Amino acid sequence: MNELRLTYLYQQYIANRCSADELQELELLLKNPDSETVISGLLDTTWDNLDTSNAMDLTQTQADQIYNTIIQSRSAKKRTFRLWTVRIAATILLCLSIGLVIYRTNQTPSLQKTAINTTTPKVPDFMPGKNKAVLTLASGHEVVLDDTRSGAIASQNGVTISKLKDGQIKYTATAAGQNAASSANQLNTLTIPKGGQYQLTLPDGTLVYLNSASSLTYPAKFTGRERKVTLTGEAYFEVAKNTAMPFLINVNNKQQIQVLGTHFNVEAYTDENLISTTLLEGSVKILYKNKQAILKPGQVAINNMQSGLDIKQADIDEAMAWKNGLFIFNNENITSVMKKISRWYDVEIAFKGDMENVNFLGNYARTKSLASLLKNIQLMGEVNISIEGRRIIVTRL
């Protein structure tokens with residue numbers, strides 16, 4: 001895929017200078033999944049420099065022709081529609097002063113023309129989250145990791161706790177502590193605040209990525225027949241294999257996950273009343289009350305705390321988006337979208353009006369500030385966004 005050629009064709013199309021041959025070439029490139037990174041960058045630039053003061057009017061026929069040209073890329077892939085193609089449509093349509101994408105849950109998803117609210121919400125430059133966490137040792141002493149230099153942090157019964165240079169902490173048993181069984185009672189807790197994330201290597205070599213507003217409690221050293229930890233919030237695990245000592249996760253004191261060695265993601269925020277376990281590789285057993293289920297790679301177990309476990313095919317890209325530095329909103333209700341924004345940007349959210357059928361479709365890099373994401377949400381034409389300090393008010397139109 002020629003990046004320079006794609007950039008040229010995109011700019012020609014935005015400027016309404018594409019020849020018939022160039023338009024056909026652009027259509028083919030848009031259907032290529034490898035174009036996503038380049039297109040995402042071009043779209044970000046277009047959003048940031050958008051000027052609708054001299055927008056032109058289009059007839060219904062012209063609008064439909066533009067939409068049909070772009071939306072064809074949806075059928076090119078059987079998996080979930082790549083979300084940036086909608087942003088392409090939205091960008092081009094906005095530049096030509098017509099509607100944006102609106103999805104409703106009470107109908108088959110389709111593009112509809114609507115009047116655009118081109119007023120950009122006045123958003124303070126809320127910066128994205130970063131590596132920050134608080135480590136609470138068994139003694140009750142708290143270590144603020146983002147203020148701590150790299151190197152050894154503490155030692156507990158022959159186990160050394162170190163902060164690595166890449167924003168990660170690691171537990172290592174020293175020679176003197178290899179047989180220190182009492183370390184199992186030395187429970188530590190790693191707490192990630194809103195606007196934070198962190199990585200942790202447990203004493204057995206298991207790697208854990210913790211999302212914002214999450215916590216993990218674990219022993220300084222695993223002993224006995226099981227490796228037990230307690231999770232609140234969201235985390236991705238790469239569990240070190242040990243068939244003699246299964247890895248057991250207590251999720252919000254409501255569900256158990258048992259593994260031997262595997263890669264999976266668990267989302268269990270207390271304000272969601274839902275536990276989702278997505279398996280990437282290996283095998284896990286989900287235990288809930290008197291029910292249990294074994295997941296296969298590519299499956300997700302959803303526990304809504306009422307009807308029990310629902311096993312279905314997972315959207316791995318969506319489940320792992322946060323770990324890969326992205327937000328992926330796949331026709332997601334605005335209340336869920338704003339909860340994720342609240343956790344990552346450390347802001348409060350308030351809603352005014354009925355948000356039941358207001359859904360958002362798009363993706364966004366978690367490394368970017370909040371302003372343009374809120375602008376994109378407002379451009380749906382379904383809600384208005386206002387800011388009071390660190391409080392974001394979403395009002396149904």
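**Exercise 1.** Which strand or helix supplies the largest share of the lining of the largest pocket, and how many residues does that share hold?

**Solution.** The model is predicted, so local features need pLDDT of at least 70 and side-chain atom pairs count only at pLDDT 80 or more, while totals for chains, interfaces and linings use all residues. Residues are numbered from 1 along each chain as its sequence is written, and side-chain values use heavy atoms, with hydrogens and water left out.

Start with the lining, which comprises 32 residues, with Glu267, Ser276, Glu318, Glu332 and Lys340 nearest the centre of the pocket; a pocket is an open set of points on a 1 Å grid over the protein atoms alone, where a 1.4 Å probe fits, with protein on both sides within 12 Å along at least five of seven lines, and lining residues have an atom within 4 Å of a point. Then turn to the elements: E20 gives the largest share, six residues.

**Exercise 2.** Determine on which side of helix H2 its buried residues lie.

**Solution.** First list the buried residues of H2 (residues 20–30), namely Glu22, Leu26, Leu29 and Leu30, where buried means under 20% relative accessible area and exposed over 50%, with a 1.4 Å probe and protein chains only; helices are DSSP runs of H or I with at least four residues, and strands are runs of E with at least two, numbered from the N terminus. These residues cover an arc of only 95° around the axis, which puts them on the same side of H2, the arc being that of the directions from the helix axis to the C-beta atoms. Finally, the face turned away from that side carries the exposed Ala20, Asp21, Gln24 and Leu28.

**Exercise 3.** Decide whether Ser162 is buried or exposed.

**Solution.** Ser162, in strand E5 (residues 159–164), counts as buried because its relative accessibility is 19%.
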